[in-house]
Amino acid sequence: MAILSKEEAKKIIDKVLSYAKADETAVSVSGGRTGNIRYARNSVSTSGESNNLALAVTSVYGKRSGTATINEFDDASLEKTVRRAEEIAQLAPENPEYMPMLGPQTYLTTNPYSENTAKIDPEYRAKAAFDSLDPCRKKNLTAAGYLEDSTGFSAIGNSKGLFAYNKGTSVDFTITVRTADGLGSGYAIRDVTDVSKLSTKEATEIAMQKALASVSAKALEPGKYTVILEPAASVDLLQNMMGSMDARNADEGRSFLSKKGGGTRLGEKLFDERVTIYSDPTNPEIPTSAFGGGGGGRGGGGADGRPQEKVTWVDKGVVKNMYYSRYWADKKGVKAIPPPGAFIMAGGSQSLLDLIKSTEKGILVTRLWYIRAVDPQTLLYTGLTRDGTFYIENGQIKFPVKNFRFNESPVIMLNNLEAMGKPVRISGNLVPPLKIRDFTFSSLSDAV
């Protein structure tokens with residue numbers, strides 16, 4: 001397996017740095033194992049496992065930089081790669097926004113690694129697929145699913161003394177179930193750090209229930225509805241919003257955080273006061289790398305080695321922080337906060353069922369897909385519901401409805417918040433089910 005220990009990675013990085021002649025040199029080494037199994041029409045179609053180990057060298061002369069990569073680790077190959085990076089750097093144009101490399105940093109202790117996940121083998125993947133396929137076959141339903149597990153590491157070091165190492169694991173599972181007539185479809189998604197927390201059977205049973213319940217969908221008129229967005233439905237919109245909190249874009253007028261006429265909306269109340277969003281790399285449910293560019297499982301946010309810390313992005317509806325490149329932070333005289341490796345949206349204690357029971361009239365949305373940006377300055381997005389959309393009346397699911405196209409902004413959505421449930425892990429984040437009023441459905445869709 002292509003996993004180096006912290007000591008092994010540092011030894012290689014130190015050796016590469018010993019060959020360096022440039023003003024500054026940075027080295028990154030990463031590797032890991034990725035396995036998968038895929039099935040469709042109730043049969044496994046592909047499965048496999050890959051191992052990889054790679055190293056990159058970045059050499060800098062003044063404000064000129066060049067990078068070379070390699071996957072051979074003998075001394076001659078390593079030195080040749082350093083020389084190649086230095087050659088590229090001397091030929092490169094100057095980067096007016098280049099920032100000198102960081103020196104040694106202090107990092108939080110995080111643990112995005114699970115030995116259970118690292119031990120996954122083909123037999124486990126086959127059993128996970130069987131646990132999903134078998135109940136579908138028994139009920140004359142058709143399943144299509146994909147499971148991918150990763151175990152990896154990433155280490156970075158430079159000529160100024162910085163060194164950081166991360167080892168992580170992740171498992172991602174998605175399942176779509178269709179009825180025999182093709183008129184009903186259900187979906188479930190799971191991701192974990194520790195595979196002992198994953199049950200493909202449990203996730204599949206939810207998708208089966210949705211598929212059976214979504215047959216003979218009725219058409220409702222498009223318009224504004226109260227909706228209950230399951231976490232799989234809201235997470236993409238929220239991720240798009242979190243990915244749009246770059247300070248430079250805001251300062252230069254290209255963001256939903258830009259003010260007309262100049263300036264940003266940092267410190268303004270943009271959302272319902274119940275909205276609090278933060279990141280914490282030490283959170284035990286979604287642990288991430290302690291440094292930007294951590295790789296090997298969850299985490300990241302740039303490859304310059306800046307520490308990931310607990311950061312509150314929105315506090316009781318007020319925008320508290322934006323993330324900065326080191327160049328832009330230096331220009332503005334502020335701390336260079338990197339993008340988060342994952343985010344946590346605080347929620348309530350209610351279950352999804354509780355939210356349904358409290359709804360007089362509304363629509364339950366399993367997930368959104370084919371999401372596209374319409375207006376980056378208002379974060380307006382369009383997309384479609386899919387794989388289980390249901391009409392709610394007097395606290396009960398009454399019947400399935402045809403899917404809709406939506407046009408909505410997460411900023412408006414989080415101002416029309418009626419209630420939140422208990423956060424759950426979804427796509428590496430913690431997101432609660434959301435009850436939203438006046439969610440805009442613009443047209444109908446024939447997709448199931």
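This passage walks through the largest pocket, one annotated domain and the nonpolar cores of a predicted model.

To start with the open space, rolling a probe the size of a water molecule over the atoms shows where room is left empty. Here the largest pocket takes in about 830 Å³ of space. Its lining runs to 38 residues, and the ones closest to the pocket centre are Ile-189, Arg-190, Glu-202, Ile-206 and Val-424. Sorted by class, that lining has 20 nonpolar, 8 polar and 10 charged residues. Several elements pitch in with at least two residues each: the strands β6 (185–192), β12 (361–375) and β17 (424–426), along with the helices α5 (200–213), α6 (231–242) and α9 (352–357). The largest share belongs to β6, which puts 6 residues into the lining.

On the annotation side, an unreviewed UniProt entry marks residues 133–213 as "domain: Metalloprotease TldD/E central". That stretch of chain is 53% strand and 25% helix, and 19 Å separates its end C-alpha atoms.

Then there is the packing. In soluble globular proteins, nonpolar side chains tend to be buried together. In this model, the largest nonpolar core gathers 55 residues, with Phe-256, Phe-271, Met-413, Leu-414 and Phe-441 having the most contacts inside it. Helix α6 gives the largest share of this core, 7 residues. A second core, separate from that one, holds 22 residues, among them Ile-37, Leu-147, Phe-173 and Val-195.

Leu-414 is worth a look of its own. Setting aside neighbours within four places in sequence, Leu-414 is in contact with Leu-238, Met-241, Phe-271, Asp-272, Val-275, Met-345 and Leu-434.

Methods: Residues numbered from 1 in each chain as written. Predicted model: local features only at pLDDT ≥ 70, side-chain atom pairs only at ≥ 80, totals over all residues. Heavy atoms only, no water. 1 Å grid on protein atoms, 1.4 Å probe; cavity = no way out; pocket = protein on both sides within 12 Å on 5 of 7 lines; lining within 4 Å. Points joined across faces, edges and corners; volume = space filled by probe spheres on them. Helix = DSSP H or I, 4+ residues; strand = E, 2+ residues; numbered from the N terminus. Nonpolar A, V, L, I, M, F, W, Y, C, P; charged D, E, K, R; others polar. UniProt positions renumbered as here; feature names shortened; annotations may be inferred. Core = buried A, V, L, I, M, F, W, Y, C linked by side-chain atoms within 4.5 Å. Buried < 20%, exposed > 50% of the residue type's maximum accessible area, 1.4 Å probe, protein only. Contact = heavy atoms within 4.5 Å.
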